[in-house]
Amino acid sequence: MTGPTPATSTTDRICSNCDGFATAAISSGGRDARGHLHTLTVDCRVCSGTGTVSAPAAQLAGGRA
């Protein structure tokens, strides 16, 4: 008999700086000889491109933040 998967407790939260959209593709406006658009991929500075940040220690300990 199988039941529902229990919820896992994670210590990570969605990054408040990028809202989980950690990497963006930015167009530089130019095109190469084959017509492909030049793009740069840029990661969020706060979460380093993961989309999550660790929870504060006070929250993990059950104290007030």
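Mentor: Before we start, one definition: two strands count as paired if DSSP finds at least two bridges between them. The model above is a predicted one.

Trainee: In what order do the elements of the chain run from the N terminus on?

Mentor: The chain has one helix and four strands. Read from the N terminus, the order is β-β-β-β-α.

Trainee: How many bridges join strand E2 to E3?

Mentor: Strand E2 covers residues 23–31, and strand E3 covers residues 37–43. The two run antiparallel. Pairing needs at least two bridges, and the number joining E2 to E3 is six.

Trainee: Which residue in E3 is the bridge partner of Ile26?

Mentor: The place to look is strand E3, which is joined to E2 by bridges. There, the partner of Ile26 is Leu40.

Trainee: Which residue in the turn between E2 and E3 has a positive phi?

Mentor: E2 and E3 form a hairpin, with five residues between them. One residue in that turn has a phi of about 90°, and its name is Gly35.

Trainee: Is Thr41 buried or exposed?

Mentor: Thr41 lies in strand E3. Leaving aside neighbours within four places in sequence, Thr41 is in contact with Thr23 and Ala24. The relative accessible area of Thr41 is 64%, and the cut-off is over 50%, so Thr41 counts as exposed.

Trainee: How far apart in space are Thr41 and Ser27?

Mentor: Along the sequence, Thr41 and Ser27 are 14 residues apart. From C-alpha to C-alpha, the distance is 9.0 Å.

Trainee: Is Ala22 buried or exposed?

Mentor: Ala22 sits in the loop between strand E1 (12–14) and E2. Not counting residues up to four places away in sequence, Ala22 touches several residues, among them Val42, Asp43 and Thr50. Because its relative accessible area is 9%, which is under 20%, Ala22 counts as buried.

Trainee: What separates the C-alpha atoms of Ala22 and Thr50 in space?

Mentor: Ala22 and Thr50 are 28 residues apart along the chain. Their C-alpha atoms are separated by 6.0 Å.

Trainee: Which residues make up the largest nonpolar core?

Mentor: That core has five residues. Cys47 is one of them, and its contacts beyond four places in sequence include Cys15, Cys18 and Ala22. The full set is Cys15, Cys18, Ala22, Cys44 and Cys47.

Trainee: How many disulfides does the count come to?

Mentor: A disulfide needs two cysteine sulfur atoms within 2.5 Å. By this rule the count is zero.

Trainee: How far from Cys15 is the nearest cysteine sulfur?

Mentor: Cys15 is in no disulfide. The nearest cysteine sulfur belongs to Cys18, and the distance is 3.8 Å.

Trainee: And which residue holds the cysteine sulfur nearest to Cys44?

Mentor: Cys44 is likewise in no disulfide. The nearest cysteine sulfur is 3.7 Å away, and it is that of Cys47.

Trainee: Which element has the lowest mean pLDDT?

Mentor: For the chain, the mean pLDDT is 79, and 69% of its residues reach 70 or more. Among the elements, strand E3 has the highest mean, 92. The lowest, 55, belongs to helix H1.

Trainee: What share of the residues of the chain count as buried?

Mentor: A residue counts as buried under 20% relative accessible area. Of the 65 residues of the chain, the buried share is 11%.

Note on methods. Residues are numbered from 1 along each chain as its sequence is written. This is a predicted model: local features need pLDDT of at least 70, side-chain atom pairs count only at pLDDT 80 or more; totals for chains, interfaces and linings use all residues. Side-chain values use heavy atoms; hydrogens and water are left out. Buried means under 20% relative accessible area, exposed over 50%, partly exposed in between (1.4 Å probe, protein chains only). pLDDT is the predictor's confidence in each residue, from 0 to 100. A nonpolar core is a set of buried Ala, Val, Leu, Ile, Met, Phe, Trp, Tyr and Cys residues joined through side-chain atoms within 4.5 Å. Contact means heavy atoms within 4.5 Å.
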